Amino acid sequence: MTEYALELRDVTRVHGSGETAVNALHGVSLRVRAGQLVAVMGPSGSGKSTLLHLAGGLDTPTEGVVEVEGNRLDEQNRAGLAALRRRGIGYVFQDLNLIPALTAVENVALPRELDGVRVRVARAEAMTALEDVGVANLAERFPDEMSGGQQQRVAIARALVGPRRLLLADEPTGALDSHTGEAVLRTIRARCDAGAAGLLVTHEARHAAWADEIVFLRDGRIVDETGAMPAADSLLGAQ
Amino acid sequence: MSIKYGLLALLERAPMYGYQLRAEFERSTGATWPLNIGQVYTTLSRLHRDGLVEETGESDEQGKVVYRLTDSGHAELTGWFATPVTSDDRPRDELAIKVALAVTTPGVDARAVVQAQRTATVRHLQELTRLKTRADEDADLAWLLVLDSMIFRAEAEVRWLDHSETRLARRPPRPAATPAVESDEQEVVQ
């Protein structure tokens with residue numbers, strides 16, 4: 001039993017060995033609850049992408065434990081890990097998120113079809129996910145018929161379609177202009193407010209600021225964190 | 001900027017009472033710049049003295065006077081909008097001076113100063129972002145623009161702090177601060 005959607009406990013990742021070993025992450029601990037958005041801020045080379053890969057089971061820590069919804073990733077066999085990765089975790093990257101030959105709704109339905117869900121059910125779930133991010137009207141469009149911001153919102157819908165509750169986002173605003181980037185962050189924020197758990201890595205403070213909690217990563221170590229935000233009401237009271 | 005131009009800009013919209021001016025001013029700046037009614041009346045009487053506003057002759061039941069813009073008030077306001085704000089108009093940057101002093105003062109860890117400031121600034125950024133999520137895109141446009149300005153300024157500060165941190169990390173170990181300092185104090189510096 002756990003209250004965390006994602007937990008990293010004392011995670012270390014070393015690339016290579018001996019003289020040439022590089023410590024990409026060093027003793028990092030982090031927790032994300034359902035309904036919470038946590039941002040990891042750091043410059044390139046700080047280890048933030050490594051952290052995201054470990055959180056998503058795309059990479060394995062040298063030391064320490066990663067748990068997704070209470071399941072230790074290191075205790076899963078290959079099939080179990082693949083299933084967890086597919087059913088539990090959604091990813092949004094900087095770009096190249098969607099398959100160009102599929103429409104928006106087909107892109108979003110695809111992971112559910114891979115889960116073994118029947119096509120009609122998968123499609124219905126995909127429509128719900130598109131509605132949740134406010135782009136249901138784009139369902140029949142192909143990626144190249146959408147703006148960058150619209151594509152990212154479809155990618156967020158795909159990441160959270162069906163039972164998926166953990167969103168891992170790596171610089172999801174990439175090359176988008178500031179207004180469109182803000183719309184993408186707003187969408188992620190809204191999905192977390194609706195119960196998803198989000199882990200966002202970014203080097204931009206303005207984007208990290210949408211999170212409930214921000215941790216600062218430098219040279220593979222957490223050097224500081226903002227702690228949880230005060231409740232919204234107390235903030236307004238201070239106004 | 002002074003309250004003066006804020007009031008002139010509001011009177012450009014329509015003639016107003018003093019308390020109306022105060023309410024409208026706060027509405028436009030989202031209460032980031034609270035005014036008391038005394039400041040409003042002091043400024044109004046100065047504007048009146050300088051011929052930039054005049055009384056319309058109307059008044060409410062409490063005898064409060066309605067003010068409107070004069071032609072020279074209008075010209076003054078137009079000139080203000082047409083003139084870019086220069087950095088001389090802004091107060092000195094206390095943070096930059098603080099970090100500069102941290103670097104040159106023995107016994108102070110400049111990187112710790114930078115880090116603590118960054119966490120505080122990012123927290124402030126979170127609060128501003130939260131206020132933004134509560135604002136209405138159409139009804140609160142003026143307030144959103146003010147909020148965005150504060151957000152971008154805070155972001156710029158974080159970027160400068162990141163940049164400073166990198167610069168500090170690259171700095172070769174500093175030689176002893178001053179030859180006269182006791183040796184045990186020098187270890188603190190390092």
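Two residues are in contact here when they have heavy atoms within 4.5 Å of each other. Keep that in mind for the tour, and remember that you are looking at a predicted model.

**Stop 1: where the chains meet**

Colour chain A and chain B separately and go to the place where they touch. How many residues of chain A are in contact with chain B? Select 27 residues on the chain A side, which are in contact with 22 residues of chain B. Putting chain A and chain B together buries about 2200 Å², and carbon and sulfur atoms give 56% of that area.

Now show the side chains. Between chain A and chain B there are 4 salt bridges, along with 9 residue pairs in polar contact, both partners being at pLDDT 80 or more. Which parts of chain A supply at least two residues each to this side? Pick out helix 6 (178-193), helix 7 (205-208), strand 9 (213-218), strand 10 (221-225) and helix 8 (232-237). By type, the chain A residues that touch chain B split into 14 nonpolar, 4 polar and 9 charged.

For one salt bridge, zoom in on Glu182(A) and Lys132(B): their closest N and O atoms are 2.7 Å apart.

**Stop 2: Glu204(A)**

Stay in chain A and select Glu204(A), in the loop between strand 8 (197-202) and helix 7. Which residues does Glu204(A) touch, leaving aside its neighbours within four places in sequence? They are Met41(A) and Glu155(B), so by the 4.5 Å cut-off Glu204(A) has a contact in each of the two chains. Draw a line from the C-alpha of Glu204(A) to that of Met41(A): it spans 7.2 Å, though the two residues are 163 apart along the chain.

**Stop 3: a salt bridge within chain A**

Over all chains, the structure holds 28 salt bridges. Try Glu67(A) and Arg9(A), whose closest N and O atoms are 3.2 Å apart. This pair links distant parts of the chain, with Glu67(A) in strand 4 (residues 63-68) and Arg9(A) in strand 1 (residues 4-15), 58 residues apart.

**Stop 4: two positive phi angles**

Most residues other than glycine have a negative phi. Now click on Asp10(A), in strand 1 of chain A. Asp10(A) isn't a glycine, yet its phi is positive, about 50°. Then jump to Asp219(A), in the loop between strand 9 and strand 10 of chain A. Asp219(A) also has a positive phi of about 50° without being a glycine.

**Stop 5: the two domains of chain B**

Hide chain A and colour chain B by its domain assignment: domain 1 covers 3-83 and domain 2 covers 92-173. How far apart are the C-alpha centres of these domains? They lie 34 Å apart. In domain 1, 5 residues are in contact with 4 residues of domain 2. About 310 Å² is buried between the two domains of chain B, 72% of it from carbon and sulfur atoms. On the domain 1 side, the touching residues are 4 polar and 1 charged, with no nonpolar ones. Looking for salt bridges across this domain interface gives 0, and the count of residue pairs in polar contact there is 0 too (both at pLDDT 80 or more).

**Last stop: a pair of rings**

The whole structure has 4 aromatic pairs over all chains. Select Tyr5(B) and Trp80(B). Why is this pair stacked? The ring centres are 4.9 Å apart and the planes are at 10°, so the pair of Tyr5(B) and Trp80(B) is stacked. Tyr5(B) sits in helix 1 (residues 3-13) and Trp80(B) in helix 4 (residues 71-82) of chain B, so the pair ties together parts 75 residues apart in sequence.

Note on methods:
Residues are numbered from 1 along each chain as its sequence is written. Chains are lettered from A and ligands numbered from 1 in the order in which they are written. This is a predicted model: local features need pLDDT of at least 70, side-chain atom pairs count only at pLDDT 80 or more; totals for chains, interfaces and linings use all residues. Side-chain values use heavy atoms; hydrogens and water are left out. Domain bounds come from an automatic or database domain assignment. Buried area is the accessible area (1.4 Å probe) that two parts lose on being put together, summed over both. A salt bridge is a side-chain nitrogen of Lys or Arg within 4 Å of a carboxyl oxygen of Asp or Glu. A polar contact is a pair of N or O atoms within 3.5 Å; within protein, one must be able to donate a hydrogen and the other to accept it, and residues adjacent in sequence count only if both atoms are side-chain atoms. Ala, Val, Leu, Ile, Met, Phe, Trp, Tyr, Cys and Pro count as nonpolar, Asp, Glu, Lys and Arg as charged, and the others, Gly among them, as polar. Rings of Phe, Tyr and Trp (its six-membered ring) pair if their centres lie within 6.5 Å; planes under 30 degrees apart count as stacked, over 60 as edge-to-face and the rest as tilted. Helices (H or I, at least four residues) and strands (E, at least two) are DSSP runs, numbered from the N terminus.
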